[in-house]
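The following exercises concern strand pairing, burial and contacts. Please study the structure before reading each solution.

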Amino acid sequence: MTIKSVSSLPPNALLTKTCEPASRAGANLVVKRSAEFRMVKHAVLEVGSNVTIQDYSFFQLTMPEPKVFIGNNTVIGRRNIITAKNRISIGNDVLIGSDVQIIDHGHGMRRDVPIRLQKAEIGFVEIGDDVWIGAGAKILMNVTIGTGAVIGANSVVTADIPEYAIAVGSPAKVVKYRI
Ligand SMILES: CC(C)(COP(=O)(O)OP(=O)(O)OC[C@H]1O[C@@H](n2cnc3c(N)ncnc32)[C@H](O)[C@@H]1OP(=O)(O)O)[C@@H](O)C(=O)NCCC(=O)NCCS
């Protein structure tokens with residue numbers, strides 16, 4: 001990956017806060033003007049070569065230790081929302097359709113305290129190489145999507161998906177494997 005400062009993201013992207021020391025972008029990065037990156041100062045965002053981030057995608061890298069990695073030749077579709085408190089890793093050659101949401105955290109749900117006052121539950125999302133995520137899918141925390149897997153449109157992924165599986169529905173279940 002060619003290393004250069006994430007300050008190469010603007011003027012195409014709306015960078016709410018830069019996080020230059022920790023962030024890198026490879027060659028041929030295309031970020032549509034309406035994409036937005038909202039990041040705490042110490043956030044880590046590493047983007048490989050030949051990556052496209054489509055219109056209105058929103059990256060929120062928020063407390064405590066957010067890190068987002070995107071491999072080479074990967075396409076982030078329109079209106080994706082990627083929210084990291086800890087670690088979201090997206091492999092090489094990944095295709096993500098429009099309106100996909102990837103979230104590495106949730107909230108405590110004890111009944112004696114309002115949810116908004118409870119500590120966040122913080123996990124990770126790991127997406128392997130050559131994965132295709134259909135439009136509108138949601139990828140929730142503590143999930144690994146194996147190399148070559150396909151996630152159907154509008155699916156909600158709540159558990160690991162094996163390599164080369166085709167998984168659909170809410171919650172996403174394997175219906176077959178790529179041949
Ligand atoms: C997942 C997908 C690739 C599977 O395609 P396919 O191999 O042709 O699969 P099939 O149509 O044979 O479907 C297999 C089964 O899964 C079901 N299914 C397929 N996609 C589904 C989805 N998104 N949600 C729920 N069920 C789904 C089918 O109804 C079928 O069920 P059945 O066996 O009970 O009849 C496709 O359905 C899909 O969701 N594509 C995403 C399209 C998209 O988002 N494009 C944007 C461009 S990036």
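**Exercise 1.** Determine how strand 3 and strand 6 are joined, and then extend the sheet.

Solution. Strand 3 (residues 24–25) runs parallel to strand 6, and two bridges join them. Strands are DSSP runs (E, at least two residues), numbered from the N terminus, and two strands pair if DSSP finds at least two bridges between them. The model is predicted: local features need pLDDT of at least 70, side-chain atom pairs count only at pLDDT 80 or more, and totals for chains, interfaces and linings use all residues. Residues are numbered from 1 along each chain as its sequence is written.

Next, locate the partners: A25 stands opposite V47 in strand 6, and V47 stands opposite I70 in strand 9. Strand 9 (residues 67–70) pairs with strand 6 in the parallel sense over four bridges.

**Exercise 2.** Which residues of strand 6 form its covered face, and which its uncovered face?

Solution. In strand 6 (residues 44–47), L45 and V47 form the covered face, while V44 and E46 form the uncovered one. In a regular strand, side chains alternate between the two faces of the sheet.

**Exercise 3.** Is T144 buried, partly exposed or exposed?

Solution. First, place T144 in strand 20 (residues 143–145). Next, apply the cut-offs: a residue is buried with 20 or more other C-beta atoms (placed from the backbone) within 10 Å of its own, exposed with 12 or fewer, and partly exposed in between. T144 is partly exposed because 17 other C-beta atoms lie within 10 Å. Finally, T144 touches E126 and D160, leaving out residues up to four places away in sequence; contact requires C-beta atoms within 7 Å.

Technical notes:
Two residues are in contact if their C-beta atoms, placed from the backbone, lie within 7 Å.
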